[in-house]
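Student: Before we begin, may I ask for guidance on reading the salt bridges, buried residues and surface patches of a model?

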Amino acid sequence: LHRGAPEWAGASLAIAMLTKPQALLLAPILALGAWRTGGVRALVAAAIGGLVTAVVIVLPYALVGALPNMWLAFGSFYARRDILSGYAANTWWIANYVLRAWNQIPRLGVAGAYLAPVRRIMAISTFQDSGFPNPRPFGTLLVLIASGWGLWRIRHARDLAVHALGAAFIVHAFFVLSVGVHEHHMMLAVPLLALAAALRPALRRLFWTISLIVALNMNLFYGIGLGLGWTLPRGLLLIDLSVLLSLANIAALVWHGRVLVREASDGASQFGANSSAARSHL
């Protein structure tokens, strides 16, 4: 997109979305970037490139009558996951921890219940059976609000680093706030932040932090290292480390938002200064 090929940007997004539906999170930034870098013409070119590519990819499934199967597979991205959090260090993993601990107080006592590790994923249906409403619409609304806020803050940005940072923020917000997220879904933010940090060194601390959170999230549930499966002891700090990591991730999202505001403001100021210099030269 930033190299002047919006049609290929749209095609790339279509390929990404049909490979893994989470790529849909990049669509708002692609639209914003196309608008800010090339106006309506770039926006239309990106849309056409994406549409044509999607049709070419989906056509073989349509010809053999497999579109319902394809839709069923992609539908699991949102609607069919009956879980609060799939081992994702986020808001809903904390809800899982609190509710399970509360229910275990009669058997383990207060200290034992809240210091016990969180062993199992909680189903949304179980959460509702405890008297709470369906959390899915609430989580979706939170993601839309956070994403909308982020897009609004960078609406004037033309810089690739800010666009990559904004895309990473939307992925981060989705991971922290949405229901049914899995532990690996935040990985998409890492290459986006790597690109942003390569262009703006001030973003490197955020990149390192998010990379560490992603790595720890994977390690706490799956281990790491040449088949050895080594993991950090989740009771190292008494309270389950996955819960503490979830709290840290929420704080990191707030920090990510503050960095986004700062970088968008710096980019706008720099663009304004360059425009003023150009006018003075003329």
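Tutor: We shall take these features in turn.

This is a predicted model, in which local features need pLDDT of at least 70 and side-chain atom pairs count only at pLDDT 80 or more, while totals for chains, interfaces and linings use all residues. Residues are numbered from 1 along each chain as its sequence is written, and side-chain values use heavy atoms, with hydrogens and water left out.

Student: How many salt bridges does a search of the whole structure find?

Tutor: Side chains of opposite charge can pair when their charged atoms come close. The criterion here is a side-chain nitrogen of Lys or Arg within 4 Å of a carboxyl oxygen of Asp or Glu. The search of the whole structure finds four such pairs. In one of them, the side chains of R200 and E263 meet at 2.6 Å, N to O. This pair links distant parts of the chain, 63 residues apart: R200 is in the loop between α8 (189-199) and α9 (204-222), and E263 is in helix α10 (residues 241-281). Helices are DSSP runs (H or I, at least four residues), as are strands (E, at least two), numbered from the N terminus.

Student: Which residue besides R200 forms a salt bridge with E263?

Tutor: R262 does, with the closest N and O atoms 2.7 Å apart. Salt bridges that share partners join D159, R200, R262 and E263 into one network.

Student: Are R234 and D240 buried or exposed?

Tutor: A residue is called buried under 20% relative accessible area, exposed over 50%, and partly exposed in between (1.4 Å probe, protein chains only). R234 is buried, at 16%, and D240 is buried as well, at 1%. These two residues form a salt bridge, their closest N and O atoms being 2.7 Å apart. In the network, E263 is buried at 5%, whereas R262 is partly exposed at 35%.

Student: Where does N90 lie, and what does its side chain reach?

Tutor: N90 lies in the loop between β1 (85-86) and α4 (91-115). Its relative accessibility is 0%, so N90 counts as buried. The side chain of N90 reaches the backbone oxygen of F175 at 2.9 Å.

Student: Which residues form the nonpolar patch on the surface?

Tutor: Patch members have over 30% relative accessible area and no salt bridge; like charges are joined within 9 Å, and nonpolar side chains (Val, Leu, Ile, Met, Phe, Trp, Tyr) within 5 Å. Here W35, V40, L43, V44, I48, V52 and V56 form the patch, with about 640 Å² of accessible area together, by the Shrake-Rupley method with a 1.4 Å probe, where for residues only the protein chains shown count as cover. I48 lies in helix α2 (residues 27-63).

Conventions:
A polar contact is a pair of N or O atoms within 3.5 Å; within protein, one must be able to donate a hydrogen and the other to accept it, and residues adjacent in sequence count only if both atoms are side-chain atoms.
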